[in-house]
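Let's take a walk through this one together, starting at one end of a sheet and finishing where the chains meet. Have the viewer open and follow along.

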Number of protein chains: 2
Amino acid sequence: MTVVDRVAAPAEAPASAPRERGEAAPGLERDGVLRTCSIGALQLEAGGALPEVELAYETWGTLNADASNAVLIQHALTGDTHVAQGHADQPGWWDSLVGPGKPVDTDRYFVVAANMIGGCYGSTGPASPDPDGLPWGSRFPFVTIRDSVRAEARLADRLGIRRWHAVVGGSMGGARALEWGLTYPHRVRHCVVVAIGAYSTAEQIALAQAQVLAIRQDPNYRDGDYYGAVPPNAGLGLARRIAHISYRSEPEFSFRFGRRGQGAENPIEASDGAATRGRYQVESYLDHQADKLVRRFDANSYVILTEALMSHDVGRGRGGAERALSAAGSEFFIASVTSDRLYFPEQSEQLARWLPGEVPVYTIDAKIGHDGFLTEIGQLGPELRRRVFTL
Amino acid sequence: MTVVDRVAAPAEAPASAPRERGEAAPGLERDGVLRTCSIGALQLEAGGALPEVELAYETWGTLNADASNAVLIQHALTGDTHVAQGHADQPGWWDSLVGPGKPVDTDRYFVVAANMIGGCYGSTGPASPDPDGLPWGSRFPFVTIRDSVRAEARLADRLGIRRWHAVVGGSMGGARALEWGLTYPHRVRHCVVVAIGAYSTAEQIALAQAQVLAIRQDPNYRDGDYYGAVPPNAGLGLARRIAHISYRSEPEFSFRFGRRGQGAENPIEASDGAATRGRYQVESYLDHQADKLVRRFDANSYVILTEALMSHDVGRGRGGAERALSAAGSEFFIASVTSDRLYFPEQSEQLARWLPGEVPVYTIDAKIGHDGFLTEIGQLGPELRRRVFTL
């Protein structure tokens, strides 16, 4: 195989990527280590173009002789390419699903994960240099889910993968998996779509708008041209809080935090008669979630990927979602999380109903909410082994 | 009766109050017209004090000779005292519940509605002058639901009302009604609590935190000292968007807006290859909701009342909510909205279960979500006539 010859030399990982950069042994790919691939210029669905695009990706396992064992795993909104630990130090975000002996067994399958265009984990994004060497910032174009999928198809070409055994994703990763199935039906044998529907709904768009505004209204955002200056951390942190509430369930918050104060802080006590008070535990928790994201994610990428997610609609230009799905050619594996109140199980049911034939909806039984697609993905292992990963 | 003698002369209505100021006919109160009452200094639960408090209020109907027909109606977070139209031009927000011949019949009952302290519809709030004549701004103290209820008890004293026939409220108004029942059991015969539970839950606190941060992070907020300068409209507008999503249901958004673009705007079209695109209808709708609130509400009041709502907990200092409720002395009428996903019906069920005796939970059957307590309150009319307003 000629994968190594075809891909560009690994670029530097972004400063925010917390993982080790392993040295590849000669002639041997190391699992779970970031590398990049140049895919050329990309015309965009909404108009505009990116003159030179690089996709960052990781792989696990070995592509077999007829390139029939390749699996593409798609990350969610603030996710990255580090699906499984591999030879790196950092654990992966789907280690319970992907790895040696796991349902997606990297001793049998060749697994690929690419960072979305517009992201901040190595692929061309708003912090990348434009042709003049300046960060794109406010000039980075509007990209859609379909733009990312078309870029990933070029990566597949360069990796020598004509057809994926499976494309797998949850949440926004599920949106990309679904678009793969609809855009390239002959290149996707199995399409695994977890915790997302056929399109972003009005409510999902509304929540996304609030998050985007939280960032845009931060004076440090400067319309996206803040590189080299103070980044809009407060705005990004607020966006994360809004999002994180939607990722979890009400019982989860009640069980973990109730009305307790944080440590010795008293939420019903003012200092000096002024409007200052201690924090509730749940406030401190969301402060922490915000702080963690701000340290690892770029605000421009958050805006760009969130607006890409708003664009998610398999029916656009295809006569509507129902019609588009009824003509789909892959084998679909659909799953939802019982307590998900961002991507409701009913939306997965609708998606399955519109697909050809009888498509069951598998269930992740979790109380946590949407994030069950990350924390409890192992529940799908047995069915995935039976239906999709049968090698 | 000596009501007119006991209350202060009507103050000027706040600039943001959109309603007519009627002239009272000599010796006759006009229904639904704003007036104010001085209640003196108020020590606050969390520490601190307000040296001189005025409460703005409206009334409808006539207090009877033994003052046994008085009803207090409590407004929600951004509500005001204009419950019913009365002699004013502006319709009221509960006209279907309150008025001549309505379930709360103002030909039979004397209805009172007071603006919360900290608000911006006439009662002492952050825009009010401090003893030096300067707006309180950042120095306005932290107030709780209980502080408001204690202030309202003084208003009741001045109006000659020893015991309310009923205290009625929905959402944050329900929190105040409930606190009345627990704080002054001998002064509340019937306590009508709609679409709220015994305390603000972790999730309700989390959503409130996001809204407060949206305002605090607006550079025009200046810690609350923005009077005379540009107010933090962007922050207040974002807070409203976050809140409004929680007030409505997912099916409501899907039904009304789906994925449609606003007018001729195309959400999947970039101008000049830049990251600008048209808006979805739901974005335009939330822009409109934000704009409407910004024109009528003060950001400081939004922060202060939201933090007061976070403080809602009938169990504080009373051995917990269950114990406090089990000792309650009023007759309770509890109701919830079927599609409410901010104040879940289960939370009303819990509240009813903890009250003494068998307390049913009545249901507003509405698809709209929490706001059903405003738009569909008429559904409770027959049961309220049967159980509470029997004159």
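Strand 1 and strand 2 of chain A make a hairpin, with 5 residues between them. Look at Gly47(A) in that turn: its phi is positive, about 100°. Bear in mind as you look that this is a predicted model. The two strands of the hairpin in chain A run antiparallel and are joined by 7 bridges. If you want one pair to anchor your view, pick Gly40(A), whose bridge partner in strand 2 of chain A is Val53(A).

Now zoom out to the sheet that this hairpin belongs to. Chain A has an open sheet of 8 strands, in the order 1-2-6-3-7-8-9-10, and the pairing is mixed. At its edges you'll find strand 1 (35–43) and strand 10 (361–364) of chain A, each of which pairs on one side only. From one strand to its neighbour in this sheet, the turn is 25° on average, ignoring direction. As a bit of background, strands in a sheet pair through backbone hydrogen bonds, in either a parallel or an antiparallel way.

For a parallel pair in chain A, go to strand 3 (residues 70–74) and strand 6 (residues 110–114), which are paired over 3 bridges. Here Leu72(A) has Val112(A) in strand 6 of chain A as its bridge partner. Next, bring in the helices. Helix 2 (residues 145–159) of chain A lies across strand 1, strand 2 (49–60), strand 3, strand 6 and strand 7 (164–170) of chain A, and runs at about 125° to strand 1. Helix 3 (residues 172–183) of chain A also packs on the sheet, where it touches strand 3, strand 6, strand 7, strand 8 (188–194) and strand 9 (331–337) of chain A. The direction of helix 3 makes about 145° with that of strand 7 of chain A.

What about charged pairs? Over all chains, a search of the whole structure turns up 46 salt bridges. One of them joins Arg187(A) to Asp157(A), with the closest N and O atoms 2.9 Å apart. Arg187(A) sits in the loop between helix 3 and strand 8 of chain A, while Asp157(A) is in helix 2 of chain A, so this pair ties together parts that are 30 residues apart in sequence.

Over to chain B. Its strand 1 (residues 35–43) and strand 2 (residues 49–60) run antiparallel, joined by 7 bridges. Thr36(B) stands opposite Ala56(B) in strand 2 of chain B. These strands form a hairpin with 5 residues between them, and Gly47(B) takes a positive phi there, near 100°.

The sheet in chain B is open and has 8 strands in the order 1-2-6-3-7-8-9-10, with mixed pairing. Strand 1 and strand 10 (361–364) of chain B stand at the edges with a single partner strand each, so one side of each is left without a neighbour in the sheet. The twist averages 25° from one strand to the next.

Stay at the strand 10 end for a moment. In chain B, strand 9 (residues 331–337) and strand 10 run parallel and are joined by 4 bridges. Within that pairing, Ser336(B) stands opposite Thr363(B) in strand 10 of chain B. Helix 3 (residues 172–183) of chain B lies across five strands, strand 3 (70–74), strand 6 (110–114), strand 7 (164–170), strand 8 (188–194) and strand 9, at about 145° to strand 7 of chain B. Helix 10 (residues 345–354) of chain B packs on the sheet too, touching strand 8, strand 9 and strand 10, and its direction makes about 165° with that of strand 9 of chain B.

Finally, how do the chains meet? The contact takes 58 residues from chain A and 59 residues from chain B. The area buried between them is about 4,500 Å², and carbon and sulfur atoms give 63% of that. The interface has 6 salt bridges, and Arg277(B) forms one with Glu307(A), the closest N and O atoms being 2.9 Å apart. There are also 22 residue pairs in polar contact across the interface. On the side of chain B that touches chain A, helix 4 (202–216), helix 5 (233–247), helix 6 (250–256), helix 7 (281–296) and helix 8 (299–310) each supply at least two residues. Helix 4 of chain B gives the most, with 10 residues. By type, the residues on this side of chain B divide into 29 nonpolar, 15 polar and 15 charged.

Technical notes: Residues are numbered from 1 along each chain as its sequence is written. Chains are lettered from A and ligands numbered from 1 in the order in which they are written. This is a predicted model: local features need pLDDT of at least 70, side-chain atom pairs count only at pLDDT 80 or more; totals for chains, interfaces and linings use all residues. Side-chain values use heavy atoms; hydrogens and water are left out. Contact means heavy atoms within 4.5 Å. Buried area is the accessible area (1.4 Å probe) that two parts lose on being put together, summed over both. A salt bridge is a side-chain nitrogen of Lys or Arg within 4 Å of a carboxyl oxygen of Asp or Glu. A polar contact is a pair of N or O atoms within 3.5 Å; within protein, one must be able to donate a hydrogen and the other to accept it, and residues adjacent in sequence count only if both atoms are side-chain atoms. Ala, Val, Leu, Ile, Met, Phe, Trp, Tyr, Cys and Pro count as nonpolar, Asp, Glu, Lys and Arg as charged, and the others, Gly among them, as polar. Two strands pair if DSSP finds at least two bridges between them. Axes are lines fitted to C-alpha atoms, for helices over the stretch in contact, and angles run from 0 to 180 degrees between N-to-C directions.
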